[in-house]
Amino acid sequence: MSENISIKQRIFDAIAANRSISRIRLAEKYQIRLATVTEVTRQLLSERFIVEAGEDSSTGGRKPVLLEVNTEAFYTIGLTLSRSCLTGGLFNAASESKFEYALPTDESLTGTELLSLLKKVIDRLLKAAEIEPDMLKGIGIGLPARVEAAAGIYNGANYYPLLKGVPIKEFLASKYNVPVIVDHDVVLMTMAEYYLSALQVPDNFGVLFIGRGIGCRFIIDGEVYRGVSNRASEFGHLSLIHNGPPCYCGNHGCFERLANTEAVEQAYGGGKTFEEIIDLARDREEKALGIFNKIAEYIAMAIVNIQNLMDVEMLIINGDIVMARDILEQEMRQQLQLKNLNNRNLDPDKVFFSDLGRKVGTVGPAIMAADKYFLANGINIFPNRKV
Ligand SMILES: [Zn+2]
């Protein structure tokens, strides 16, 4: 059985690596018996993981049929709840985004309302995609703060005080009859960076998410570090300024309060959005530039603290802050250098900005759901998986 799985994996990987290849070329190039190639590709075709796509014109005589990985083999949905909205995305088997849809939320959100919002977003995505219901193979959802991952229960956040014991996994599994992954949002984003990033991500690294909130998580020796209650590494509440502005957590001068996208909007004032303030900074408007310089310094301060504590090989910054990379990166790196002069452990070149873009919140949960479906069919899509 395991031999069968590994040959399936080899052939699937070979087809993916070649983009498009015939059975006979597969057999020659990878030295696999043609009968085995025929048998395994028949199975992959019946499972829809590959498709026949035209003929090989490079050979004379009878032209062999080409095989390709089927990016539309199945679909998954990834959802993420922030302080202000619930966003869902529908992705194909290659984790390419097909549709996205969001609904606003606020702190009066109740458990019943959250379940109904989830259903609304998912139904809207399925309708937009016009796919057969059995083509949906998994749902993933990333949630802030208090998440019981294994049981799939959500216990809210400081800004969602009414959410307690919300049975998200049970509700979605019964409504859509697919496997459901429920986890901390930054855990899922960290896994997405580990598996999807074009950077050479090592087995010891961290993700610093800066958006409406600030979160942080680490992969240590290839595994996510969760802490005892899945709330590890809440560095958003690292206190950076003694007697700084009050934070909803009860402390003062927290990193999240000083450097999230809302802090940028509050510092500028006049109802300008984060994106508008980025545009002003690009036009060299002094007030906007000053705000981003300050944010860059706070980020550098936080990174130095985080890196002194964790000593990881790489730190990836993701979330909406990446949109302002061109404005704050230079100042951030200068500050890292200044704050680090005598600490050889802290190489500013270890800090990167994510290449996964704004969809990192939805693609993380979606790809973990896709991974589950591939694995159930004997295919491992993450070559650097340790466990
Ligand atoms: Zn705080």
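The lining of the largest pocket in this predicted model is made up of 15 nonpolar, 15 polar and 13 charged residues. The pocket itself has a volume of about 880 Å³, and of the 43 residues that line it, Ser-82, Phe-209, Gly-211, Arg-212 and Gly-213 are the closest to its centre. Several elements contribute to the wall, each with at least two residues: on the strand side these are S4 (75-81), S5 (85-92), S6 (97-104) and S13 (214-220), and among the helices they are H6 (185-196), H8 (261-268), H9 (274-282) and H12 (360-376). As a general matter, rolling a probe the size of a water molecule over the atoms shows where empty space is left.

Arg-212, one of the residues closest to the centre of this pocket, is placed in the loop between strand S12 (205-210) and S13. With a relative accessibility of 27%, Arg-212 counts as partly exposed. When neighbours within four places in sequence are left aside, the residues in contact with Arg-212 are Arg-83, Ser-84, Asn-260, Thr-261, Glu-262 and Glu-265. By contrast, Leu-66, which is 146 residues away from Arg-212 in sequence, is separated from it by 47 Å in space, taken from C-alpha to C-alpha. Helix H6, which supplies at least two residues of the pocket lining, also contains Tyr-194. Tyr-194 is buried, at 3% relative accessibility, and its C-alpha atom is separated by 9.5 Å from that of Gly-206, a residue twelve places apart from Tyr-194 along the chain.

Turning to the interior, the largest nonpolar core comprises 41 residues, and the members with the most contacts inside it are Phe-255, Phe-292, Ile-299, Ile-317 and Met-332. Helix H10 (residues 286-310) provides the largest share of this core, namely 13 residues. A second core lies apart from the largest one and has 37 residues, including Leu-79, Val-121, Ile-131 and Val-166. Such groupings accord with a general tendency, since in soluble globular proteins nonpolar side chains tend to be buried together. The surroundings of Ile-317 can be described in detail: not counting residues up to four places away in sequence, Ile-317 touches Leu-208, Ile-210, Ile-299, Ile-303, Val-322, Met-332, Val-351, Phe-352, Phe-353 and Ser-354. Two of these partners, Ile-299 and Met-332, are also listed with Ile-317 among the residues having the most contacts inside the core.

The cysteines were examined next. A disulfide is, in general, a covalent bond between the sulfur atoms of two cysteines, and a search of the whole structure finds zero disulfides. Cys-216 is accordingly in no disulfide, and the nearest cysteine sulfur, which belongs to Cys-254, is 14 Å away. Both residues are nevertheless buried, Cys-216 with a relative accessible area of 2% and Cys-254 at 0% relative accessibility.

Cys-249 has a setting of another kind, being found in the loop between strand S14 (223-224) and helix H7 (255-259). This cysteine is partly exposed, with a relative accessible area of 33%, and, residues up to four places away in sequence not being counted, Cys-249 touches Asn-158, His-237 and Cys-254. Glu-285, at 36 residues from Cys-249 in sequence, is 33 Å from it in space, C-alpha to C-alpha. Asn-158, one of the contact partners of Cys-249, has its place in the loop between strand S9 (153-154) and strand S10 (166-167). Asn-158 counts as partly exposed, at 43% relative accessibility, and beyond its neighbours within four places in sequence it is in contact with Arg-146, Tyr-248 and Cys-249. Between Asn-158 and Ala-53, 105 residues apart in sequence, the distance in space is 52 Å, C-alpha to C-alpha.

Finally, the backbone was considered at two loop positions. Most residues other than glycine have a negative phi. Arg-48, although not a glycine, has a positive phi of about 75°, and it is found in the loop between helix H3 (34-46) and strand S2 (50-55). Asn-177, likewise not a glycine, has a positive phi of about 55° and lies in the loop between helix H5 (168-176) and strand S11 (180-184). As to accessibility, Arg-48 is partly exposed, with a relative accessible area of 38%, whereas Asn-177 counts as exposed, at 72% relative accessibility.

Terms used
Residues are numbered from 1 along each chain as its sequence is written. This is a predicted model: local features need pLDDT of at least 70, side-chain atom pairs count only at pLDDT 80 or more; totals for chains, interfaces and linings use all residues. Side-chain values use heavy atoms; hydrogens and water are left out. A nonpolar core is a set of buried Ala, Val, Leu, Ile, Met, Phe, Trp, Tyr and Cys residues joined through side-chain atoms within 4.5 Å. Buried means under 20% relative accessible area, exposed over 50%, partly exposed in between (1.4 Å probe, protein chains only). Helices (H or I, at least four residues) and strands (E, at least two) are DSSP runs, numbered from the N terminus. Contact means heavy atoms within 4.5 Å. A disulfide is a pair of cysteine sulfur atoms within 2.5 Å. On a 1 Å grid over the protein atoms alone, a cavity is a set of points where a 1.4 Å probe fits but cannot get out, and a pocket is an open set with protein on both sides within 12 Å along at least five of seven lines; lining residues have an atom within 4 Å of a point. Grid points are joined across faces, edges and corners, and a volume is the space filled by probe spheres set on the points. Ala, Val, Leu, Ile, Met, Phe, Trp, Tyr, Cys and Pro count as nonpolar, Asp, Glu, Lys and Arg as charged, and the others, Gly among them, as polar.
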